[in-house]
Amino acid sequence: MRQHPYGGRVNQQADEATPQTHPAPDPAEIRALMMDLRRMAMTYKFGIDEVMTKISILRDEFRHMQNYNPVEHVGSRLKSFESIITKCRRKGIPLTPDGVREQLFDIAGVRVTCSFVTDIYRVRDMLVQQADLTLLEERDYIARPKPNGYKSLHLIVQVPVFLSDRVEDVIVEIQLRTIAMDFWASLEHKIYYRYHRDVPRHLTDALKLAADVAWSLDTSMEHIHEEVKAIAGVEEPVGHRDGLLSPEEMLRDFWRTAEAFDDARRQG
Ligand code: 0O2
């Protein structure tokens, strides 16, 4: 017997006697494999949930305590089955649940879009110092952009997911980038697939130029932001705080509630 590409066993003798026909896999094995894949997809989804919650807490705390929001947008995706197969083939990873689990690190992906480059590293530092998050690998494509102009900070992290009967360590890829980097990467991704990875030279040149322009925009915006931040007492406009209370408003609310509570106690 040898391993079927998707994990089941195939009868080698039967396979060798009739090489052009594939033996029908055992239905019980298919059921077990389907169950394994479903469980795997679910744990990756829980891994994403854990990371999303961490980012959401950091984002809200920052907004409440510093009147500042370093995170513009957070998105997540579970890599599609087709995309997993393509990547496994490209990288020679065995198409088995174990092969995928052990060698493919971007099945669960979270993308964080920040306003400024410094925010990217600030969010990174806040995440990696958390005790239950392990940084397995870091690829800094901002410090060392890809030759095509791609920039982002990639973190491969491991987070524990507490299930009913066990704890599973799930690997999640976190991509951190600015709005300008994200704009560039989305367009490049579309072009790359539109031309089936064989992009004409004039477009790769134009993309490289656009990446340089995007970087220049990021740098200028950061300088303007730093200058404005240096002006004492500058706060983010209330309208931009998504209805969140400022620390002062929270305190006022707290005292109002405390006074109402005291009044009720005195009367009661
Ligand atoms: P999708 O559709 O987002 O899932 P390696 O061969 O080890 O260098 P690997 O393992 O793909 O490559 O790691 P890498 O380079 O860090 O890329 C991981 C993901 O980053 C990619 O996943 C993309 O999402 C993104 N990325 C990396 N390079 C580029 C790029 O040049 N352009 C754009 N637009 N995105 C990029 P997938 O599986 O390629 O794609």
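This passage describes the fold, the central strand pairings, one helix and the ligand surroundings of a predicted model.

To begin with the overall picture, the protein is built from eight helices and seven strands. Of its 268 residues, 18% count as buried. Contacts often bridge long stretches of sequence: among those between residues at least 6 apart, 62% join residues at least 24 apart.

Strand S7 (167–178) makes a good starting point for a tour of the sheet. Nine of its 12 residues are buried, so S7 is largely enclosed by the rest of the structure. Two pairings of this strand can be followed in the model. With S6 (153–162), S7 runs antiparallel, and 10 bridges join the two. A hairpin links S6 to S7 through four residues. Within this pairing, His154 has Gln175 in S7 as its bridge partner. With S4 (108–114), in contrast, S7 runs parallel, and seven bridges join these strands. Here Cys114 stands opposite Thr178 of S7.

Helix H5 offers a neat view of how a helix sits against its surroundings. This helix covers residues 117–128, 12 residues in total, and reaches 17 Å from its first C-alpha to its last, close to the 16 Å expected at 1.5 Å a residue. Its buried residues are Val117, Asp119, Ile120 and Val123. Because these four cover an arc of only 155 degrees around the axis, they lie on the same side of H5. The elements that cover them include two helices and four strands by name: H2 (27–66) and H7 (201–229), along with S3 (71–78), S4, S6 and S7. The paired strands described above thus reappear here, with S4, S6 and S7 each part of the cover over the buried residues of H5.

The ligand, finally, is surrounded by Lys79, Ser83, Lys87, Asp106, Arg139, Lys146, Asn148, Tyr150, His154, Ala185, Glu188 and His189. By class, this shell holds six charged, four polar and two nonpolar residues. Helix H3 (81–91) and helix H6 (179–194) each supply at least two residues of the shell, and H6 gives the most, with three. His154 connects two parts of this account, as it belongs to the surroundings of the ligand and is also the bridge partner of Gln175 in S7.

How values were computed: Residues are numbered from 1 along each chain as its sequence is written. This is a predicted model: local features need pLDDT of at least 70, side-chain atom pairs count only at pLDDT 80 or more; totals for chains, interfaces and linings use all residues. The expected span of a helix is 1.5 Å times one less than its number of residues. A residue is buried if 20 or more other C-beta atoms lie within 10 Å of its own, exposed if 12 or fewer, and partly exposed in between; C-beta atoms are placed from the backbone. The arc is that of the directions from the helix axis to the C-beta atoms. Two residues are in contact if their C-beta atoms, placed from the backbone, lie within 7 Å. A residue is near a molecule or strand if its C-beta atom, placed from the backbone, lies within 6 Å of it. Ala, Val, Leu, Ile, Met, Phe, Trp, Tyr, Cys and Pro count as nonpolar, Asp, Glu, Lys and Arg as charged, and the others, Gly among them, as polar. Two strands pair if DSSP finds at least two bridges between them.
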